[in-house]
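Let's take a walk through this one together. Have a look at the fold below, and then we'll go from the inside outwards.

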Amino acid sequence: MRNTCAMHQLQNHREHCPYCGESIELLLDCSVEQQEYIEDCTVCCRPIALSVTVDATGAANVTVRHEND
């Protein structure tokens, strides 16, 4: 899902957990152009692998997947 955020800023972003399907809120650091990290779902506590890229216009593209995918 794409989200627009200003560079060098934290931005709230909503996604769905790939395990339980619940909507979760993520805090994106838009000062980093490309990052991958693991964050636990706040509902089911399972580890979610996140890939975040921020383009030159400040648009964030977030991909969530199972930890071992």
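What follows is a short tour of the core, a histidine and some cysteines.

Keep in mind that this is a predicted model. A good place to begin is the largest nonpolar core, which is made up of twelve residues. Among them are C17, I24, L26, C41, I48 and V62. Three elements each give two or more residues to this core: strand 3 (23–29), strand 5 (47–54) and strand 6 (59–66). Strand 5 gives the most, with four residues.

Now zoom in on C41, one of the core residues. Leaving out residues up to four places away in sequence, C41 touches C17, C20, I24, R46 and I48.

Next, hop over to strand 2, which covers residues 10–16 and holds H13. Is H13 buried or exposed? H13 counts as buried, because its relative accessibility is 3% and the cut-off for buried is under 20%. The side chain of H13 also has a partner: a polar contact of 2.9 Å joins it to the side chain of E15.

With cysteines turning up along the way, how many disulfides are there? The count comes to zero. Take C20: its closest cysteine sulfur is in C17, 3.8 Å away, so that pair is too far apart for a bond, given that a disulfide needs the sulfur atoms within 2.5 Å. C45 has its closest cysteine sulfur in C44, at 6.7 Å, and that is too far for a bond as well.

These two cysteines also have their own exposure labels. C20 counts as partly exposed because its relative accessibility is 34%, while C45, at 55%, counts as exposed.

Methods: Residues are numbered from 1 along each chain as its sequence is written. This is a predicted model: local features need pLDDT of at least 70, side-chain atom pairs count only at pLDDT 80 or more; totals for chains, interfaces and linings use all residues. Side-chain values use heavy atoms; hydrogens and water are left out. A nonpolar core is a set of buried Ala, Val, Leu, Ile, Met, Phe, Trp, Tyr and Cys residues joined through side-chain atoms within 4.5 Å. Buried means under 20% relative accessible area, exposed over 50%, partly exposed in between (1.4 Å probe, protein chains only). Contact means heavy atoms within 4.5 Å. A polar contact is a pair of N or O atoms within 3.5 Å; within protein, one must be able to donate a hydrogen and the other to accept it, and residues adjacent in sequence count only if both atoms are side-chain atoms.
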